[in-house]
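The following exercises concern charged side-chain pairs and their surroundings. Please work through each task before reading its solution.

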Amino acid sequence: MGPQEELWMIPPSQVVLSTDLMTKSCSSMTRFFPLAIMCVVLATACSLETPVEQDAPRKPNILWIVGENFKLDLGIYGAANVHTPNLDSLARNGVRYTRVFSTSPVCAPSRSAFFTGMYQTSTGTHHMRSHRDDEFRLPPGVRPLTHWLSNAGYTTANVSYIGDRQVGTGKLDLNFVNEGALYDTDDWSQLKDNEPFFAQINTPEAEYDIYDRKSAEKSRVPWVGEEWHPQIATEEHVTPPPYYPDHPIVRQEWARYLNSVSGMDVRVGWILAQLRADGLADDTIIVFFADNGRLEARGIHWAWDTGLHVPMIVYWPKNVPPPPNWEPGSVNDDVISLLDLTATTLWMAGMERPPLMQSRRFLGEGADPSRTYAFGARDRIDETVLRIRSVRGRKYHYLRNIVPQQGFPTLNRYKEKCFLVKPLMREMHAAGTLTGAAAELMEPLPYEQLYDTEADPHEIRNLAESDDARHRAALERMRAALDTWMVETGDLGEWPEPPEIVEPFVGEMHAWFGTPAWYSGPN
């Protein structure tokens, strides 16, 4: 069986069942996107309307399969208690990336970044679900990815269904809404007659079933698809991380998450089978990745690896000339920001990166140098106002917690209602029965954290106060890298939102998820 054949050999019947900173020209970027930069961008934007053609006589199709809230929890990455044959096969026939980090640990800011190629903290899209009902526009010269691709002759699609099977949600969740239509269609059946195409499918997993907005009424908010997900993981056989207590609720929730991984892979199988059935498989580049880290209490919303470290797999079809040194089945361990997917996707389409785009290209001849660090940022999420910055290298991870006396116990109504582990830990902490890393998690976060992710993959031993010369040197390097990045990229998190912007989220989240009895503040 040849390497190109294996990807498509899973029978459809089985499928159904089963510091690196911007260039020096960016160094003057500030809160107001200076006039000089605007002029450079506007003067060159017109020249980018016509894409730069590559040697290939026809442009490839490009398919993004975007997983919702996943860390590297596929079988091909070594995860246990999951069944992911479709993504495992995709990786065996493509390239699997092991050090990809989102720019935010929550969906809307992360998506706003990789959909524009600009850090959310540079464009003013860094707060969760912001700018949904105002006149906000992206800065001059910053455009949605699909607008660039449309200029290159691509049909763009955001697909939810293939026939009567749901494969996606149609999710946008971008912190800009005034840029015009972002896609040409949501109809998969139109793609085969409208090549080249760029299609995006946002999988329903992993997420709690919250969008009926009736979560406050439920005793337990179910996971999307839990009624049919393959039951590979069970409470008796899973091993949750050591920052949680050993408790049945913890193990039950961990099993539900892992079964969501297996369920997501079933949907991926449907997508790949239809791609083959439509005769599109040999002409379509496939990119699988997650929008941010894992759906767990200490995962999304937090800037540890659990919130930022994401899987990525790139599959190259046989009818499209591959990049130099492309080796199917290989593993890439370079540090990559999820932001870099934007410029790389434009390159796949034969387009140059627009001037001042912060995204780097990680594929092809003339690709950008590998990153030393991937930067991440957490700002307001729902009603919860926190500011955290992250610098992730190959070995060390540095975090700066800028809002004092806050941390894992800080109120977020979505987290309190849906993530059963959080109220459990609050109760156990009050009773004095938490120990070790779980007990430490209930304390306010220190201003700085440093982790050796090779020796401490769960990030439970903070080395920021270590006297070890290696740790001190890493701390100083990463402090400086973050300070420089914040200035050169114009980190807008320095300016808090006014209270009248934040206050409505309190009422919205209370109506949606309720407010726990222990909380005595405003609802």
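Three exercises with worked solutions follow.

The model is predicted, so local features need pLDDT of at least 70 and side-chain atom pairs count only at pLDDT 80 or more, while totals for chains, interfaces and linings use all residues. Residues are numbered from 1 along each chain as its sequence is written, and side-chain values use heavy atoms, with hydrogens and water left out.

**Exercise 1.** Determine which parts of the chain the salt bridge between Glu68 and Lys171 ties together.

*Solution.* Step 1: apply the criterion, a side-chain nitrogen of Lys or Arg within 4 Å of a carboxyl oxygen of Asp or Glu. Step 2: the closest N and O atoms of Glu68 and Lys171 are 2.4 Å apart, a salt bridge. Step 3: Glu68 lies in the loop between strand S1 (61–67) and helix H4 (85–92), and Lys171 in the loop between strand S5 (165–166) and strand S6 (197–202), so the pair joins parts 103 residues apart in sequence. Helices (H or I, at least four residues) and strands (E, at least two) are DSSP runs, numbered from the N terminus.

**Exercise 2.** Is Arg400 buried or exposed?

*Solution.* Step 1: buried means under 20% relative accessible area, exposed over 50%, and partly exposed in between (1.4 Å probe, protein chains only). Step 2: Arg400 has 8% and is therefore buried. Step 3: its salt-bridge partner Asp483, at 39%, counts as partly exposed.

**Exercise 3.** Classify Asp282 and Lys318, which form a salt bridge at 3.7 Å, N to O.

*Solution.* Step 1: Asp282, at 26% relative accessibility, is partly exposed. Step 2: Lys318, at 53%, is exposed.
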